[in-house]
Amino acid sequence: MEKHINVKLHVWRQKNAADPGRFQDMEANGVSTEMSFLEMLDVVNEGLIHKGEEPIVVDHDCREGICGACNLVINGRPHGPKERTTTCQLHMRSFKDGDDITIEPVRADAFPVIKDLMVDRSAFDRIIAAGGFISIPTGSACDANALPVRKQNADLAMDAAQCIGCGACVAACPNASAMLFVAAKVSHLALLPQGQPERYTRARSMVQQMDAEGFGNCTNHGECEAACPKGITLENIARMNRDYIKASFLYREETGGGGS
Amino acid sequence: MELKSNCPTGPIADQWDKYRFDMKLVNPTNKRKYKIIIVGSGLAGAAAAASLAELGYDVHCFCYQDSPRRAHSIAAQGGINASKNYHNDGDSTFRLFYDTVKGGDFRAREANVYRLAQVSMNIIDQCVGQGVPFAREYGGLLDNRSFGGAQVSRTFYARGQTGQQLLLGAYQSLERQIGLGAVKMYTRHEMQEVIVVDGVAKGIVTRDMVTGKIESHVADAVVLGTGGYGNVFYLATYAKGCNTTAIWRAYQKGAAFANPCYTQIHPTCIPVTGDHQSKLTLMSESLRNDGRIWVPLNKGDKRAPGDIPEKERDYYLERKYPSYGNLAPRDIASRAAKQVCDEGRGVGDTGLGVYLDFTDATKRLGLGKIQEKYGNLFEMYERITGEDPYKVPMRIYPASHYTMGGLWVDYNLMTTIPGLFCMGEANFSDHGANRLGASALMQGLADGYFVLPATISGYLVGIKPGTRITTDHPAAKAAEEAARSRNNRILAVNGSETPTELHRALGKIMWEHCGMGRTEASLKKALQEIPALKQRFWENVKVPGSGADVNQSLELAGRVADFIELGELMCLDALERRESCGGHFREEWQTPDGEALRDDENFCHVAGWEYTGDGNAPIRHKEELQFENVHLATRSYK
């Protein structure tokens, strides 16, 4: 049932990367519990615009939990209090009348703040570019059913492939580690026969890029798994670590000649 | 302006092969000398950027999001069609072609649709090769399901996240090329102008959404894969950022805009709850495979769904369309839902909803199977509505979901501006007046992986390498100035209405007067209200801040200004198309039992609109459609 509640917001405002930033307190009154969290912020922003003030900058796009653009840290938890729910799908029925709500950007060296709650997550793209793919130029594939895949492996690969790249894992980790994100892609491709030829070079290249971007290491807190809106499990990190260790034994410099 | 389709001749099954053979190729060592700009990084954009870079071209790709992985293709749920006939149920390239032409209510171009059906098979192969984790059976082979408007199982899927997995496949291929230095990627960049020199597209102007910098980028060819314009209705299943600016600017620079009135209203979305609503969420059409749609038989029956006995329920799709039942095409299912709600039989607080009920399917298949097939969709529904669909039937209502209209393109996917190409939902070509389920992903990837990379070489061979303009060309400078002054003009108004309020006002006009049902009177009313809204926008919009850093209000205001102008063209197109076809339902043209009544004698054509300047009436051009392989007939799903 729809109710209306009043909440007190403490929102991080920061002009740009160089600005030290600060919290701004504001009230959101008469908020419908049917609203999503971002719709509540829309209403607050409309009020700011009418007052001639700059609205709060937030990354968001699909608003249906799949694009991964939104990633607010709400009361200290990435994406807020509801498990397996992105910020855009969090609804105000998860809050009570009179609640204090603190809203912050993800805080990690590898994700510098651009403005207010918007951060730069391009490090994730560079990690994928370093090896998060199967090298198969357009047109070179064989028939789709030529390579059967054990159903269980296909399902596990799909579990890992559901990662939306939002960065909640980084936000939740005390070390700001990106291991869950990287492991999800390493696992997705390592579980499929198509991913085997590049399996170990992939794990090695992606981990190297992750380190170069300044993410911390994994110390088995498990916070990432708890925060992940898509339920990506720690098991993926174990699989990546196995592949990474194996990769460091298997690694050989490339032998010049190739096929030419 | 002439709308020349450049379709090949001869037997339809051989056309694409012959066309590709006859086309001139670019010498491999020359490819790197050609610079191609791709705007958009969804299925079409990412696929094309990766494929063209693999071929050796110098590719520059732009998106407004913070990463190419976030393009809204990612939200497609249900699946992608391919005529593999893996299930031995009678599918074939010709049947997929036939179903798509018929599903589009005979308003698509045969040659394009046949090509689409042909390459559908290569798409599945490519995606599986990339590691897209499609659903599989226990034997390890690919699973399929049936989808609206088809009687065969030809839809490949990855749970309820097929679009996500296909997009990530394309994104990973794109990132591979970025890592190799073959693609330069520009994220958080919005295209604001096309640079046209002597009638030929030579580049674009973008705004860096972080620094506010307005900048020219020049190229030998420009490709738009910027998606659809369904946010013209304000409430839609699109991402908030989806906009028409790129194709609208192209239209204003001389690209014909085809069939803008063809919009798809998807039957299964979560209903609106209040004025704060910012978007609508789709529930995959695949749910209609097992869910049964119904409303109470009697008007105003407010009992809980479980308390309404079988005989007092109206499973109206099964009743009206016994052979397709709940799988009737989208336009038909949407109109039927509107009809029962208009009769006062809608459910939920607002009365704008119908039930989608899994009780029978759960009895038949067991809870486990339902969870496996639809679990994530059920979870999503519960997250948004706070209701558990395993216990209470879902409530759904139609919402703006896809636009079949878009920039007019020929068989090469080239617009009426030479050198400017358009792919995916942004063009008009393959779906006619209604798109069948699981066909959008197919078209986006067909255009991006296979069609454009082939056809663009036919254009580039006509250009001498190294003759590109530079960014100090007067045309580039003029386009930059146009973009800059437009942003400054918006910032200078300082009125009292926010861009969102004006957008909502536009949406209301469009949904009421140019939505699921349209009449001459409603469209004429809209054509009076929209120019007034446009004036209101330019006199009263309020955008705080400056253009020199992140300014999301400025971004939105620019998009809304374009949506208002597009809305006017949509209504004009809907007014001029005096027939009903697919998603375009003119209430004056219907059969006695309420089905769309086409007028093939007068409207078996594509309408391509030519811009003639601000405030001037655009000119309507025609491309006549010939149906040589599929017999023009009244669609029947009964």
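## A walk through strands, a helix and two unusual loop residues

In chain B, strand β12 (residues 292-296) and strand β14 run antiparallel to each other, joined by 3 bridges. Everything described here comes from a predicted model. Across this pairing, Ile293(B) has Leu356(B) of β14(B) as its bridge partner.

Let's stay with β14(B) for a moment. This strand also pairs with β15(B), which covers residues 394-403, again in the antiparallel sense and over 3 bridges. Here Tyr355(B) stands opposite Arg395(B). Which way do the residues of β14(B) point? Val354(B) and Leu356(B) point one way, while Tyr355(B) and Asp357(B) point the other way. Residues on both sides of this strand, which spans 354-357, are buried.

Next, look for helix α9(B), residues 330-342. Its 13 residues reach 18 Å from the first C-alpha to the last, close to the 18 Å expected at 1.5 Å a residue. The helix is mostly covered, with 11 of its 13 residues buried. Among them are Ile332(B), Ala336(B), Val340(B) and Cys341(B), as well as the charged-name residues you may spot, including Arg330(B), Asp331(B) and Lys338(B). What do these buried residues pack against? Their partners in chain B are β11 (263-269), β12, α8 (316-320), β14 and β15, so the strands we began with come back into view. After the helix comes Gly344(B), which has a positive phi near 85°.

Two other residues have a positive phi, and neither is a glycine: Asn85(B) and Phe106(B). Most residues other than glycine have a negative phi. For Asn85(B), the angle is about 55°, and the residue sits in the loop between β3 (80-81) and α4 (93-103) of chain B. Phe106(B) also has a phi of about 55°, and lies in the loop between α4 and α5 (110-130) of chain B.

Is each of these two residues buried or exposed? Asn85(B) is partly exposed, because 18 other C-beta atoms lie within 10 Å, and being buried takes 20 or more. Phe106(B) counts as buried because it has 23 C-beta neighbours inside 10 Å.

Finally, turn to chain A. This chain has 8 helices and 7 strands. Its C-alpha atoms fill a box of roughly 70 × 40 × 35 Å along the principal axes. Of the 260 residues in chain A, 51% are buried. Among its contacts between residues at least 6 apart in sequence, 71% join residues at least 24 apart.

Definitions and conventions. Residues numbered from 1 in each chain as written. Chains lettered and ligands numbered in written order. Predicted model: local features only at pLDDT ≥ 70, side-chain atom pairs only at ≥ 80, totals over all residues. Buried ≥ 20, exposed ≤ 12 C-beta atoms within 10 Å, placed from the backbone. Helix = DSSP H or I, 4+ residues; strand = E, 2+ residues; numbered from the N terminus. Pairing = 2+ DSSP bridges. Contact = placed C-beta atoms within 7 Å. Expected span 1.5 Å × (residues − 1).
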